[in-house]
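Please read these points with the model open beside you. They go from one definition to the strands, then to the loops and the whole chain.

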Amino acid sequence: QVQLVESGGGLVQAGDSLRLSCASSGRTFSSHTMGWFRQAPGKDREFVSAITRSDISRSSTYYADSVKGRFTISRDNAKNTVYLQMNSLKPEDTAVYYCAATVATVPLLRTHTYPYWGQGTQVTVSS
């Protein structure tokens with residue numbers, strides 16, 4: 001069983017930065033692909049970013065077009081933690097951000113690929 005705990009959300013102004021963290025309790029963290037999703041009020045949960053497992057080969061990263069160039073995902077296997085560095089935040093980035101984990105390799109952009117989820121952390125960007 002994998003337990004995920006997100007932190008780092010908050011209220012910021014447009015143009016500011018935030019770094020989200022997601023700590024995993026799993027003993028095989030490096031063998032999990034980690035993803036970040038977000039859900040705004042009244043909208044479906046959507047893919048933000050993912051970083052593939054790093055136990056076999058070097059990790060690859062993926063981003064939604066809406067965050068490409070502004071957000072950076074990374075992982076620290078020694079700390080069992082995945083990060084999402086969010087720069088140049090916009091009001092449309094306002095959402096609850098969820099961390100997710102999976103041993104699957106595809107499709108990374110779909111919520112159903114990930115069996116493990118955190119409780120979410122709120123990010124609010126004011127204009």
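1. A definition comes before the strand pairs: two strands count as paired if DSSP finds at least two bridges between them. The model discussed here is predicted.

2. Strand β3 and strand β8 (residues 81-86) meet this rule, since six bridges join them in the antiparallel sense. Within this pair, Ser21 has Tyr83 of β8 standing opposite.

3. Strand β3 also pairs with strand β1 (residues 4-7). These two run antiparallel as well, with four bridges between them. To find this pair in the view, start from Val5, whose bridge partner in β3 is Ala23.

4. How much of strand β3 (residues 18-24) is buried? Five of its seven residues are, so the strand is largely enclosed by the rest of the structure. "Buried" here means a relative accessible area under 20%. In the protein, buried residues make up 43% of the 127 residues.

5. A general point may help when you look at the strands. In a regular strand, side chains alternate between the two faces of the sheet.

6. Now the backbone on either side of β8. Asn80 sits in the loop between β7 (71-76) and β8. Asn80 is not a glycine, yet its phi is positive, at about 50°.

7. Ser88 lies in the loop between β8 and β9 (95-102). Ser88 too has a positive phi of about 50° without being a glycine. Is Ser88 buried, partly exposed or exposed? With a relative accessible area of 41%, Ser88 is partly exposed, because that class covers values between 20% and 50%.

8. For the whole protein, the count is eleven strands and zero helices. Read along the sequence, the pattern is therefore one β after another: β-β-β-β-β-β-β-β-β-β-β.

9. What radius of gyration would a compact globule of 127 residues have? The expected value is near 14 Å, and the protein has 14 Å, which agrees. The C-alpha trace spans about 40 × 25 × 25 Å along the principal axes.

10. Of the contacts with a separation of 6 or more, 57% are between residues 24 or more positions apart.

11. Last, the surface and the charges. The protein exposes about 6600 Å², of which carbon and sulfur atoms supply 47%. It has 13 positive and 9 negative charges, and the mean positions of the two groups are 6 Å apart.

How values were computed
Residues numbered from 1 in each chain as written. Predicted model: local features only at pLDDT ≥ 70, side-chain atom pairs only at ≥ 80, totals over all residues. Heavy atoms only, no water. Rg over C-alpha atoms; globule rule 2.2 N^0.38 Å. Buried < 20%, exposed > 50% of the residue type's maximum accessible area, 1.4 Å probe, protein only. Contact = heavy atoms within 4.5 Å. Areas by Shrake-Rupley, 256 points an atom, 1.4 Å probe, with all protein chains shown as cover. Lys, Arg positive; Asp, Glu negative; His and termini not counted. Charge placed at Lys NZ, Arg CZ, Asp CG, Glu CD.
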